[in-house]
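Work through the exercises below with the sequence and the structure at hand. Try each task before reading its solution.

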Amino acid sequence: MKSLAVYWGCYILTSQYQYELSLRETMPKLGVKLIDVEEATCCGFLLESIDKFASTYLAIRNLSLAEKISKDLLTPCNGCYLSLSEALHRWRVEESTRSKIASLLRDENLFFKGELRVYHAVNFLHDSLGLRKISEAVVNPLNNLKLATHPGCHILRPSEIVSADDPENPRKLDELVEALGAETINYPGKLDCCGGPLLSLQPEKSYLISSRKINELERIGVDGLVVSCPICFKMFDSQDVIRRVAGGKASLPVVYYTQLLGLALGFKPDTLGLNLNQSPVEKLTSKISC
Amino acid sequence: MSLTDLMSSSKAVKDLKIKIKRLAEKNFDYCFICGKCTGGCTSISYFRLEPHKVVNMAKLGLVNELLTSDVLWVCTQCHKCAERCPQKVSPYDLIMLLRREAFKSGLKRPTPILLGVRNILKNGFILDEQTVFSRDLDEFNRETLSLPGIPKPSEKFLKKLSDFLGLGEGK
Ligand code: SF4
Ligand code: SF4
């Protein structure tokens, strides 16, 4: 069994429980043991807007806690993936940042070597675990589904820091979906941002941004949208807000990749937290046997 | 000689431009106004954010106007402008730098950001643990979903972070 540390970040731990449930359920089935990073905190993403050093410090502190328990770290959140990857990059290239943070860590008896590898769920599953291992584990192929994927921004850009997939033509999430037996489509707005980092500053209007993709996919006609970030998920799944703010008849199932994976591995929908999705996921589950 | 923006009558402040330019990791003077950043900006249609204008106002030294402007705070942090700029300018990095300067100087401190920071200083995360609802309106939380509790970081660490951010009592 392969084991690695898992860093959840704020959104999953405090509200996006279905992402956590579905990852915790499915990974052992694929021979992966997740070890929680204890006493972790926010990844530092929010602090980017107010204090760059503090943001890097928070990220490195989390990484040093992870390095105590594993050589590899998995984070399921796009925002956390960028924060942690960027901080690791700074740690490696900026001598002054490194020595300042090292001394702050010492006060807590923490030590960071900087040798940890940071994965997002998408490149971990696609590159490290591999498509074959996933498709071999499928007991309930999702043959009837035509799905769109939303890779999100922070596993693609800035491409000199994060390189989970090709920044202009990301295909990994699509290939992961196809490994479960479903079909994926290409669509013009695939690279569009969900608007999520604006959610707290613009609690209503930020949904205008996510509405665009949902309405586009409704026009194209797909069985659902597959997401791999808790913030993107919230922006697309909250379709009561999308309808109120942007008009339209948004009614598109939105699922986490790990939920879809769980269905293909034979888990029951509620075990994967599908009852917690607010979008009409029964439209999707009714097309497959589960 | 100073430059005056004829539309707003604002005056360029050379010292501020020099300061921002020194802090910026990428040189925004290289911008040749191709407009690619604004063409692909996530926030242009709903929030009228035009990153090439931010870059060129900084270039002209109209930094005060930027520091007090709301446009800095409607960027979705999608990084598209930085990725696609042929001159490696990164309007995104400039916007974040200006946000930090606006915040530090107290010119703009948006409440949602302050609340997030307060929360980090309280329990380590930007949010508190929430009760969620299923589509059938049943209530769930971590405990009822059999998810492990979230360990709180040590008081010592939180205190250190708070001193460090200079956002303690009254600030
Ligand atoms: S893409 Fe770069 S060079 Fe073109 S206008 Fe924007 S900042 Fe200037
Ligand atoms: S990072 Fe901000 S300024 Fe740049 S394209 Fe995205 S929303 Fe626009």
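## Exercises on salt bridges, a ligand shell and a helix

Across all chains of this predicted model, the count of salt bridges comes to 32.

**Exercise 1.** Find the salt-bridge partner of A:Glu94 and decide how accessible each of the two residues is.

*Solution.*
Step 1. A:Glu94 pairs with A:Arg90, and their closest N and O atoms are 2.7 Å apart. The cut-off is 4 Å, so this distance qualifies as a salt bridge.
Step 2. The relative accessible area of A:Glu94 is 25%. Buried means under 20% and exposed means over 50%, so A:Glu94 is partly exposed.
Step 3. A:Arg90 has a relative accessible area of 9% and is therefore buried.

**Exercise 2.** Which elements hold A:Asp107 and B:Lys160, and how accessible are these two residues?

*Solution.*
Step 1. A:Asp107 and B:Lys160 form a salt bridge, with 2.9 Å between the closest N and O atoms.
Step 2. A:Asp107 lies in the loop between α5 (95-106) and β4 (117-120) of chain A, while B:Lys160 lies in helix α9 (residues 155-165) of chain B, so the pair joins two chains.
Step 3. A:Asp107 is partly exposed at 44% relative accessibility, whereas B:Lys160 is buried at 17%.

**Exercise 3.** Describe the salt bridge of A:Arg171 and A:Glu178, then list the members of a network built from shared partners.

*Solution.*
Step 1. The side chains of A:Arg171 and A:Glu178 form a salt bridge with an N to O distance of 3.3 Å.
Step 2. A:Arg171 has a relative accessible area of 30% and is partly exposed; A:Glu178, at 31%, is also partly exposed.
Step 3. Salt bridges with shared partners link A:Glu48, A:Lys52, A:Glu86, A:Arg90, A:Glu94 and B:Glu25 into one network.

**Exercise 4.** How many residues surround ligand 1, and how do they divide by class?

*Solution.*
Step 1. Ligand 1 is surrounded by 13 residues, the closest being B:Cys31, B:Cys34, B:Gly35, B:Cys37 and B:Cys85.
Step 2. The shell consists of nine nonpolar, three polar and one charged residues.

**Exercise 5.** Which residues of helix α4 (residues 51-60) of chain B are buried, and what do they pack against?

*Solution.*
Step 1. The buried residues in this helix are B:Pro51, B:His52, B:Val54, B:Val55, B:Asn56 and B:Ala58.
Step 2. The buried residues of α4(B) pack against α1 (14-23), α2 (36-39), α5 (63-67) and α7 (91-104) of chain B.
Step 3. After α4(B) comes B:Gly61, which has a positive phi near 85°.

How values were computed:
Residues numbered from 1 in each chain as written. Chains lettered and ligands numbered in written order. Predicted model: local features only at pLDDT ≥ 70, side-chain atom pairs only at ≥ 80, totals over all residues. Heavy atoms only, no water. Buried < 20%, exposed > 50% of the residue type's maximum accessible area, 1.4 Å probe, protein only. Helix = DSSP H or I, 4+ residues; strand = E, 2+ residues; numbered from the N terminus. Near = heavy atom within 4 Å. Nonpolar A, V, L, I, M, F, W, Y, C, P; charged D, E, K, R; others polar. Contact = heavy atoms within 4.5 Å.
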